[in-house]
Amino acid sequence: MKKQAIIIIAIIVIIALIVGGIVLVQKTGKKELKLQTAEEMQNMLNTIYSSEKVNLPQLETAVIDVNDSVQVSVFTGLKSNKNVEELVVSVPLMNAQAYSLAIVKVNENADVEQMKQEMKDNIDMRRWICVSAEKLYITNYENIIFLVMASEEWAKPVYEEFKKYVGNDIGKELEKAEEVDFELPPEL
């Protein structure tokens, strides 16, 4: 009788150790992702930009003063800076290249989906003098909205690397393609 009790207890202990080990591996296998400060967002960008899949011109990354509603609007398309807590942007050093990236931390109570839609609807994809962005991608990770617009060749890899960085744990994805609304003269 004692032998059976010892065997049963040993089996229970082994099962508990196995289950505990699995839970521990799952918890340590998933990295703790922090994107709440401008510095953490910039570190994320450094990781994204260092990917072999991303080939971009020389960029300047900056933290924008969220009290400057004009700058917030230019880089995000948002009509108000009311729910914006942090804004990190990345643009080419040479202004004649169509590339713009914005990472927006929004207030916890903000309607992220509504803000993403407002960004998509209002961002100026032609804000450069001689060029325009072909493609716009927007999504979010929790209260962080990620927007990138450029040529497909530049925007898509950056967008995919963001999704990879956050473990594809993203919100609704929005896309927009540049609409050409001009006609060439008949002689051309």
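Q: Which residues does Ser151 touch, not counting residues up to four places away in sequence?
A: The model is predicted: local features need pLDDT of at least 70, side-chain atom pairs count only at pLDDT 80 or more, and totals for chains, interfaces and linings use all residues. Residues are numbered from 1 along each chain as its sequence is written, and side-chain values use heavy atoms, with hydrogens and water left out. Ser151 lies in the loop between S5 and H5, where helices (H or I, at least four residues) and strands (E, at least two) are DSSP runs numbered from the N terminus. Counting contact as heavy atoms within 4.5 Å, Ser151 touches Ala98 and Glu134.

Q: Is Ser151 buried or exposed?
A: Buried means under 20% relative accessible area, exposed over 50%, and partly exposed in between (1.4 Å probe, protein chains only). The relative accessible area of Ser151 is 19%, so Ser151 is buried.

Q: How many helices and strands are there in the chain?
A: From the N terminus on, the elements run α-α-β-α-β-β-α-β-β-α-β. The chain thus holds five helices and six strands.

Q: What is the order of the six strands in the open sheet?
A: Strands count as paired if DSSP finds at least two bridges between them. The pairing in this open sheet is antiparallel. The six strands stand in the order S1-S2-S3-S5-S4-S6.

Q: Which strands stand at the edges of the sheet?
A: A strand at an edge has a single partner strand, so one side is left without a neighbour in the sheet. The strands placed this way are S1 (59-63) and S6.

Q: Which residue is the bridge partner of Thr61?
A: S1 and S2 pair in the antiparallel sense over five bridges. In S2, the partner of Thr61 is Ser90.

Q: At about what angle does H2 run to S2?
A: Helix H2 covers residues 38-49 and lies across S1, S2, S3 and S5. Axes are lines fitted to C-alpha atoms, for helices over the stretch in contact, and angles run from 0 to 180 degrees between N-to-C directions. On that basis, the angle of H2 to S2 is about 30°.

Q: How far apart in space, C-alpha to C-alpha, are Tyr49 and Glu161?
A: Tyr49 is found in H2. Leaving aside neighbours within four places in sequence, the contacts of Tyr49 include Ser90, Tyr99 and Val158. Tyr49 and Glu161 are 112 residues apart in sequence, while their distance in space is 8.5 Å.

Q: Which residues touch the most other members of the largest nonpolar core?
A: A nonpolar core is a set of buried Ala, Val, Leu, Ile, Met, Phe, Trp, Tyr and Cys residues joined through side-chain atoms within 4.5 Å. The largest one has 27 residues. Those touching the most other members are Val84, Leu87 and Ile145.

Q: Which element gives the largest share of this core?
A: Elements giving two or more residues to the core are H3 (69-76), S2 (84-92), S3 (99-106), H4 (112-122), S4 (135-141) and S5 (144-150). The largest share is four residues, and it comes from S2.

Q: Which elements do the buried residues of H3 pack against?
A: The buried residues of H3 are Val72, Phe75 and Thr76. Seen down the axis, they fall within an arc of 85°, so they line one face of the helix; the arc is that of the directions from the helix axis to the C-beta atoms. Their packing is against S2, S3, H4 and S5.

Q: What arc do the buried residues of H4 cover around the axis?
A: Buried in H4 are Val112, Met115, Lys116, Glu118 and Met119. Their arc puts them on the same side of H4, and it is only 160°.

Q: Which residues does Ile145 contact, leaving aside its neighbours within four places in sequence?
A: Ile145 is one of the residues that touch the most other members of the largest core. Its contacts among the buried residues of H4 include Val112 and Met115. The full set is Ala102, Ile103, Val104, Val106, Val112, Met115, Lys116, Met119, Ile138, Thr139 and Asn140.

Q: What is the relative accessible area of Asn168?
A: Asn168 sits in the loop between H5 (152-165) and S6. The residue has a positive phi of about 55° although it is not a glycine. Asn168 is exposed, with a relative accessible area of 53%.
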